Amino acid sequence: MISGNERRFMEEALRLAREAANLGEVPVGAVVVRHDVVVAGAHNLRETLQDPTAHAEILALRQAAARIGSWRLDGCDLYVTLEPCAMCAGAMVLARVSRCLFGTTDPKGGFLGTVGDLSSHPALNHRFEGVPGVLRDDAAEVLSGFFRALRDRS
């Protein structure tokens, strides 16, 4: 069961994902929350920036670190609409986030339990909680609707 705040934060990530879709980006949105306040939010910009690292999570983590004034994001939660990939999950380990709450799993690249799990790898120096399925149906629909529209245009 998710709390009202968790719902609100994931809804903000979904709003950002829809913004990404409007730009022709794969619709993934992410927000970083500290003490129940959104400190950063971003969506995918890989196509726009022609940058393979411009995932929503990476951009939101960078923004949060700049706003907080530290790369250590202790006490921060990251909400994202799609299960993070290995790069993004690794960045969360390095940033020392507390939790990552995500909408839908990624069967081809998810690294918070689906393909692998970097959130609790015993060899890494930090572990964080991964919380799957937060507004799962909404997150899945944003993605499937985007790809359905792409197929229809082809």
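Accessible areas are those obtained by the Shrake-Rupley method with a 1.4 Å probe. By this approach, the protein chain of the predicted model exposes about 7,800 Å², of which carbon and sulfur atoms supply 53%. Buried residues account for 47% of the 154 residues in the chain.

The overall dimensions were examined next. The radius of gyration of the protein chain is 14 Å, which agrees with the value near 15 Å for a compact globule with 154 residues, and the C-alpha atoms fill a box of roughly 45 × 35 × 30 Å along the principal axes. The secondary structure comprises five helices and five strands, which follow one another from the N terminus in the order α-β-β-α-α-β-α-β-β-α. Of the contacts between residues at least 6 apart in sequence, 56% join residues at least 24 apart. As for the charges of the protein chain, 17 are positive and 19 are negative, and the mean positions of these two sets are 3 Å apart.

At the level of a single residue, alanine 95 lies in helix α4, which spans residues 86–95. Because buried means under 20% relative accessible area, alanine 95, with a relative accessibility of 9%, counts as buried. When residues up to four places away in sequence are left aside, alanine 95 touches Leu61, Trp71, Arg72, Leu73 and Asp74. Alanine 95 is also separated from alanine 65 by 30 residues in sequence, with a C-alpha to C-alpha distance of 8.6 Å in space.

Technical notes
Residues numbered from 1 in each chain as written. Predicted model: local features only at pLDDT ≥ 70, side-chain atom pairs only at ≥ 80, totals over all residues. Heavy atoms only, no water. Helix = DSSP H or I, 4+ residues; strand = E, 2+ residues; numbered from the N terminus. Rg over C-alpha atoms; globule rule 2.2 N^0.38 Å. Buried < 20%, exposed > 50% of the residue type's maximum accessible area, 1.4 Å probe, protein only. Contact = heavy atoms within 4.5 Å. Lys, Arg positive; Asp, Glu negative; His and termini not counted. Charge placed at Lys NZ, Arg CZ, Asp CG, Glu CD.
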